[in-house]
Amino acid sequence: MSAAQAASDDVLIARIAQGDRLAMQVLYGRHHVSVFRFGLRLVRDEQVAEDLINEVFLDVWRQAGKFEGRSAVSTWLLAITRFKALSALRRRSDVELDDEAAGAIEDASDDPEVAVQKKDTGEVLRKCLMALSPEHREIVDLVYYHEKSVEEVGEIVGIPENTVKTRLFYARKKLAGLLKAAGVERGWP
């Protein structure tokens, strides 16, 4: 995210706090996809993830005046999403975390052979990710899929930065071992 977009997100939050519906629409348009994908990875249910989007942005509408700007707006949104997703999971204890539904988006520029190789590798990667502990999987998701910094991940998850670094180190080590055992070389074809 660019510095200009981050600054404009702060402006949008300030305008939302004053009841500006257009600012809310712009913020929603800018962030609803990442909120949905993150929520979907946590709850594994598209309908629940859709409900999460509504709850998150309703909270933003109601709580915009309380946003203190100590983190990026996107970090704040993902923290709200995480809290709501964990609450939903507690209500539905039979749900497990899953990256599969967050899906494989095919690269249209690949030829069919490369597309199949990527799909197969992606499937193996998703299975290996599922073999990680929920704590490690969550850190990997936030760092690599949502491109959050160690500091931002610490804020979202509510743990110290050093704990984030430690979990990320062990998650990558475990994931590398799982991928190697599954016969996946580093990188895409």
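How are helix 3 and helix 4 oriented to each other? Helix 3 and helix 4 are oblique to each other, because their angle falls in none of the other classes (under 35 degrees is roughly parallel, over 145 roughly antiparallel, 65 to 115 roughly perpendicular, and the rest oblique). This is a predicted model, in which local features need pLDDT of at least 70 and side-chain atom pairs count only at pLDDT 80 or more, while totals for chains, interfaces and linings use all residues. Residues are numbered from 1 along each chain as its sequence is written, and side-chain values use heavy atoms, with hydrogens and water left out.

**Helix 3 and helix 4**

- Helices are DSSP runs (H or I, at least four residues), numbered from the N terminus.
- Helix 3 covers residues 46-63 and helix 4 residues 73-91; they pack at about 130 degrees with axes 9 Å apart (lines fitted to C-alpha atoms over the stretch in contact, with angles from 0 to 180 degrees between N-to-C directions).
- On the helix 3 side, the contact (heavy atoms within 4.5 Å) is made by Val48, Leu52, Glu55, Val56, Phe57, Asp59, Val60 and Gln63.
- Helix 4 contributes Trp76, Leu77, Ile80, Thr81, Lys84, Ala85 and Ala88 to the contact.
- By class, this contact has 10 nonpolar, 2 polar and 3 charged residues (Ala, Val, Leu, Ile, Met, Phe, Trp, Tyr, Cys and Pro are nonpolar; Asp, Glu, Lys and Arg are charged; the others, Gly among them, are polar).

**Nonpolar core**

- A nonpolar core is a set of buried Ala, Val, Leu, Ile, Met, Phe, Trp, Tyr and Cys residues joined through side-chain atoms within 4.5 Å, where buried means under 20% relative accessible area with a 1.4 Å probe, protein chains only.
- The largest core has 46 residues, of which Ile13, Ile16, Leu27, Phe57, Val60 and Ile139 touch the most other members.
- Helix 2 (21-43) gives the most to this core, with 9 residues.
- Beyond its neighbours within four places in sequence, Ile13 is in contact with Leu27, Val60, Ala64, Phe67, Val73 and Trp76.

**Helix 7 and its surroundings**

- In helix 7 (residues 150-157), Glu152, Val153, Gly154, Ile156 and Val157 are buried.
- These buried residues pack against helix 4, helix 6 (134-145) and helix 8 (161-181).
- The angle between helix 7 and helix 8 is about 105 degrees, and their axes are 8 Å apart; the two are therefore roughly perpendicular.
- Val150, Glu151, Val153, Gly154 and Val157 of helix 7 meet Glu161, Val164, Lys165 and Arg167 of helix 8.
- That contact comprises 4 nonpolar, 1 polar and 4 charged residues.
- Gly158, just after helix 7, has a positive phi of about 85 degrees.

Key
Buried means under 20% relative accessible area, exposed over 50%, partly exposed in between (1.4 Å probe, protein chains only).
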